[in-house]
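Work through the exercises below with the structure open beside you. Try each task before reading its solution.

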Amino acid sequence: MMTLLGISPQLLFGQLLIGLINGVFYAMMSLGVAIIFGMLRIGNFVHGAQYMLGAFGAWYLLHLPDLFPGFGLPSLGYWWALALVPVAVGLIGALMERVFIRRVYELEHAYGLLLTVGLAMVIEGLFNVGYGAAGQRYDIPAALRGGVNLGFMFLPYYRLWVIVAGLFVCVATWYIVERTKLGAYLRAATENPNLVRAFGINVPRMLMLTYAFGVGLAGLAGVMAAPIYQVSPQMGQSIIITIFAVVVIGGMGSISGAIFTGLMLGMIEGLTKVFWPQASTTVIFVIMVLVLVFRPAGLFGKETASAHAADMSTARPNSFLENGRLWLPILSVVGMVLPFLIYPVFGMKILCFALFACAYNLIFGYVGLLAFGHAAFFGSSAYVAAFTAASWGFPTELAILSGMVVATLIGAVFGWLAIRRQGLYFAMITLALAQLVYFYAIQAPWTHGEDGIQSVPRGYLFGFIDLDDTMNMYYFVLAIFLIGFAAIYRIGRSPFGQILKSIRENEPRAISLGYSTDRFKLLAFTLSAMFAGLAGATKAIVFQIASLADLYFTTSADALLMTLIGGVGTLLGPIVGAIVVVTMQKEFATLGAWVVVVQGAAFVLCVLFLRKGVIGTLEDWMATRSESKRIAAGYATGLAAKAVE
Amino acid sequence: MNARVSLSVSDLQGWYGESKALHGMTFEVGAGEVVTLLGRNGAGKTTTLRAIMGLLRKKTGEIRFDGEDVAGRMPEYIARRGIAYCPEERGIFASLTVEENLFLPPVIAEGGMAVDDIYALFPNIAERRNSQGTKLSGGEQQMLAIARILRTGANLLLLDEPTEGLAPVIVQQIGAVIRKLKERGFTVVLVEQNFRFASKLADRHYVVEHGRVIDTLAAADVAGNRDRIQNYLKV
């Protein structure tokens with residue numbers, strides 16, 4: 001048998017085929033994401049969940065008699081699913097657009113992303129509650145069983161079908177968008193929705209249909225994927241991050257570009273599996289990095305950077321809630337008393353996550369950049385601190401410091417890459433880069449895969465204070481938190497912090513004043529990563545473990561959620577948010593899988609009803625109250641003056 | 001004035017966020033008339049057109065089109081009632097070809113111009129129908145922006161500074177087009193700063209300042225009042 005570089009053609013073509021199939025799914029999914037992003041300006045994070053819905057829809061149809069016994073329903077097979085499920089998923093999408101997504105069109109991009117993250121968590125969480133991590137089998141339809149031997153490889157009919165049908169759907173979508181009247185409306189509305197409305201076209205309805213169509217594509221991909229991959233609640237979660245990377249690589253502005261990029265990346269992934277299997281999960285993210293370095297707008301991108309930092313801060317600078325000099329001593333005192341009131345370990349968890357949220361607030365609240373990959377800094381620092389303490393016997397302080405240094409370096413590199421793109425892309429890129437670190441940690445030997453690094457010694461502070469004593473540990477963590485909190489406050493109030501604020505409020509103006517805003521953004525990002533690293537390393541020492549969960553995107557989402565609940569850009573918001581989220585996680589821990597659903601719902605509710613967060617709302621309320629008091633007082637003195645006359 | 005009133009705007013107030021742009025615009029356009037809104041930059045002319053079209057949401061007052069108050073309506077509804085809008089920035093879509101741009105606005109009523117008539121009126125557009133919309137010259141883009149609202153059957157055209165930034169020869173062509181539109185019975189509201197251009201076309205001129213109409217001149221009065229008008233428009 002002929003071989004190539006010691007690799008049999010069966011293996012090579014087999015993997016290429018798998019790669020091509022993955023590529024078809026990437027193309028179908030990124031097509032939907034790109035169309036939705038183009039028209040609605042929404043980074044549809046829930047796309048993965050909708051894909052999963054498609055697969056489950058097919059499975060449900062097959063098991064109708066078991067699910068609803070006594071109704072005499074027939075079991076509907078694959079072909080029925082292919083016809084019915086995409087429509088059903090599309091309708092669900094239309095409903096979601098109507099009820100939720102429509103409400104955030106006028107708001108900053110960040111809210112759309114947060115909303116869809118929340119919706120994804122709710123949907124995937126619910127399925128997780130129902131079906132757990134185990135996958136459900138879905139058999140290949142009878143008509144497509146078996147395959148053909150091509151001589152150099154065996155080609156299963158079903159895979160051939162997926163490739164042909166998937167490509168057909170992609171090309172048909174391309175044709176509709178690029179060559180039909182309907183597509184012309186779509187393209188025009190992407191450019192200038194108001195003018196298209198002024199021509200008499202119902203653009204809001206079109207947005208809904210576009211969303212439903214994109215989502216329907218995801219549903220269709222889900223049905224097609226069901227016989228190949230297992231039908232599981234998690235199937236959409238990992239693919240969506242890859243899809244975001246594909247969209248970043250392809251760039252906006254070209255439907256054919258999105259299709260081509262998806263196919264190409266699937267094939268490259270397949271080839272990598274042949275030649276360097278360990279790298280196959282990360283290769284797409286590595287390509288994304290290369291594209292960002294050499295062609296920031298993406299391979300087919302036309303857009304030039306124009307979106308800027310978004311001012312989402314809800315802080316009122318004059319409120320006494322923003323006065324760090326007042327609050328630092330208060331927090332110190334409260335922090336010192338706290339372990340006598342609550343369980344100290346719980347207190348330490350709150351402190352670690354509060355610091356993490358404060359660090360995140362530095363970039364999200366102070367600079368207005370929607371970073372969505374802070375798990376990378378938190379988690380990598382946790383791993384490094386855990387590893388150096390456990391394996392190299394580093395003293396605790398040094399272990400934390402080394403974690404911080406690594407997080408800072410990673411932050412500098414990620415920041416350097418990510419600030420090339422703005423707005424939603426910034427979020428997608430940081431998310432994808434963090435996923436790169438996550439995949440690295442799954443595979444690297446020193447991180448111990450699923451187990452993580454356990455039994456990390458807490459050690460002795462300054463060589464003699466035993467940190468295995470819970471109280472000692474608590475006060476050490478409190479000190480770290482207060483130092484971090486004070487430093488972040490100081491940064492915000494420094495001249496550097498004022499420049500960050502000016503970037504947030506009006507980046508073009510800051511540029512026109514002569515500031516090279518990218519450098520300031522990069523520095524702020526790096527600092528934010530550093531403090532996130534401090535939080536992560538401390539957490540690893542306190543809980544004596546570094547695990548994959550620390551690196552997973554849910555940790556990034558936690559940081560965002562805490563900041564949002566507390567009040568973006570406020571001094572105390574991240575702390576309040578950390579208390580709420582950590583308490584919520586503890587209280588709902590008994591609910592098991594429901595935690596994710598509750599957290600997702602919290603996201604959705606926050607975006608819809610509490611955009612200013614607890615502290616932001618409080619500051620607003622106090623400001624209006626003191627304002628009305630002032631007016632009332634002025635009115636009273638006015639009356640008094642009149643009376644004197 | 002013509003017997004039938006096509007558009008009547010009364011006491012229109014409008015805001016961009018907190019800042020008020022329209023302070024009680026009131027004017028009337030008879031069916032088949034060409035009427036101009038003259039005035040300096042920032043007087044509120046474009047805002048008035050946007051308000052009529054439903055694109056300016058924050059407003060009070062009355063906008064009657066063919067007798068129906070459309071002030072609270074959405075742009076897509078107003079367009080389907082028969083008002084067509086040609087924005088100042090022209091709004092040619094870069095991702096559409098010239099032909100796609102031309103055919104984009106849906107036909108909302110009978111009586112629109114036939115495509116052949118449009119191509120006869122704008123020969124340049126016919127020649128370049130397969131180019132990308134924004135590859136046309138500024139003058140051609142302006143022609144296209146006007147051309148595409150003629151097919152739809154709308155009878156009231158809102159033209160926002162169609163001559164801005166164009167060469168004199170093109171301005172003359174656009175003047176000829178507007179005259180032909182009038183002959184065909186279109187009603188036109190023309191926003192202009194170029195009074196010399198407007199004075200040859202319009203039946204009536206409304207002078208706009210600070211978001212309200214401060215003076216009205218019929219075409220017949222223009223000759224005797226040039227100084228007065230120049231005074232309104234001088235910077």
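**Exercise 1. Lay out the six-stranded sheet of chain B.**
Task: In what order do the six strands of this open sheet run, and which are the edge strands?

Solution. The model is predicted.
Step 1. Six strands of chain B make an open sheet, ordered 6-7-8-3-9-10. Its pairing is mixed.
Step 2. Strand 6 (83-86) and strand 10 (212-218) of chain B are the edge strands, and each pairs on one side only.
Step 3. On average, neighbouring strands of this sheet are turned by 20 degrees against each other, direction ignored.
Step 4. Start from strand 6 of chain B. Four bridges pair it with strand 7 (residues 156-160) of chain B in the parallel sense. B:C86 stands opposite B:L159 of strand 7.
Step 5. Add the helix. Helix 7 (residues 168-183) of chain B packs on the sheet and touches strand 3, strand 7 and strand 8 of chain B. The direction of helix 7 makes about 155 degrees with that of strand 8 of chain B.

**Exercise 2. Examine strand 3 of chain B.**
Task: Which strands pair with strand 3 of chain B, and over how many bridges? Are its residues buried or exposed?

Solution.
Step 1. Strand 3 of chain B and strand 8 (residues 187-192) of chain B run parallel and are joined by five bridges. In this pair, B:V34 stands opposite B:V188.
Step 2. Strand 9 (residues 204-209) of chain B also pairs with strand 3 of chain B in the parallel sense, over four bridges. Here B:L38 stands opposite B:V207.
Step 3. Turn to burial. Strand 3 (residues 34-38) of chain B has five of its five residues buried.
Step 4. Sort them by face. In a regular strand, side chains alternate between the two faces of the sheet. B:V34, B:T36 and B:L38 lie on one side, B:V35 and B:L37 on the other. Both faces of strand 3 of chain B are covered.

**Exercise 3. Find the open sides of the four-stranded sheet.**
Task: Why is one side of strand 2 and of strand 5 of chain B left without a neighbour in the sheet?

Solution.
Step 1. This open sheet of chain B has four strands in the order 2-1-4-5, with antiparallel pairing.
Step 2. Strand 2 (19-30) and strand 5 (68-69) of chain B stand at the edges with a single partner strand each, so one side of each has no neighbour in the sheet.
Step 3. Check one edge. Strand 4 (residues 59-65) and strand 5 of chain B pair in the antiparallel sense over two bridges. B:R64 stands opposite B:D69 of strand 5.

**Exercise 4. Describe helix 18 of chain A.**
Task: How many residues does helix 18 of chain A have, and what do its buried residues pack against?

Solution.
Step 1. Helix 18 (residues 470-493) of chain A has 24 residues. From first C-alpha to last it reaches 34 Å, close to the 34 Å expected at 1.5 Å a residue.
Step 2. Its buried residues include A:M473, A:F476, A:V477, A:I480, A:F481, A:G484 and A:I488.
Step 3. An α-helix has 3.6 residues a turn, so residues three or four places apart point the same way.
Step 4. The packing partners in chain A are helix 13 (324-341), helix 14 (344-366), strand 3 (460-461), helix 19 (495-505) and helix 21 (517-543).

**Exercise 5. Describe two contacts.**
Task: How many residues does each side give to the contact between chains A and B, and to the contact between the domains of chain A?

Solution.
Step 1. Between the chains, chain B gives 18 residues and chain A gives 14 residues. Helix 2 (residues 75-81) of chain B supplies the largest share of the chain B side, four residues. That chain B side divides into 13 nonpolar, two polar and three charged residues.
Step 2. Within chain A, the domain assignment gives domain 1 (27-235) and domain 2 (320-621). Their centres, taken over C-alpha atoms, are separated by 34 Å.
Step 3. Domain 1 of chain A brings 19 residues to the contact and domain 2 of chain A brings 20. The domain 1 side has 13 nonpolar, five polar and one charged residues.

**Exercise 6. Judge two positive phi values.**
Task: Is A:S455 buried or exposed? Is B:R90 buried or exposed?

Solution.
Step 1. Most residues other than glycine have a negative phi. Phi of A:S455 is positive, near 50 degrees. Phi of B:R90 is positive too, near 75 degrees.
Step 2. A:S455 is in the loop between helix 17 (424-443) and strand 3 of chain A. B:R90 is in the loop between strand 6 and helix 3 (98-103) of chain B.
Step 3. A:S455 counts as exposed because it has 8 C-beta neighbours inside 10 Å. B:R90 has 21 C-beta neighbours inside 10 Å, so it counts as buried.

Terms used
Residues numbered from 1 in each chain as written. Chains lettered and ligands numbered in written order. Predicted model: local features only at pLDDT ≥ 70, side-chain atom pairs only at ≥ 80, totals over all residues. Pairing = 2+ DSSP bridges. Expected span 1.5 Å × (residues − 1). Buried ≥ 20, exposed ≤ 12 C-beta atoms within 10 Å, placed from the backbone. Contact = placed C-beta atoms within 7 Å. Nonpolar A, V, L, I, M, F, W, Y, C, P; charged D, E, K, R; others polar. Axes fitted to C-alpha atoms, helices over the stretch in contact; angles between N-to-C directions. Domains from an automatic or database assignment.
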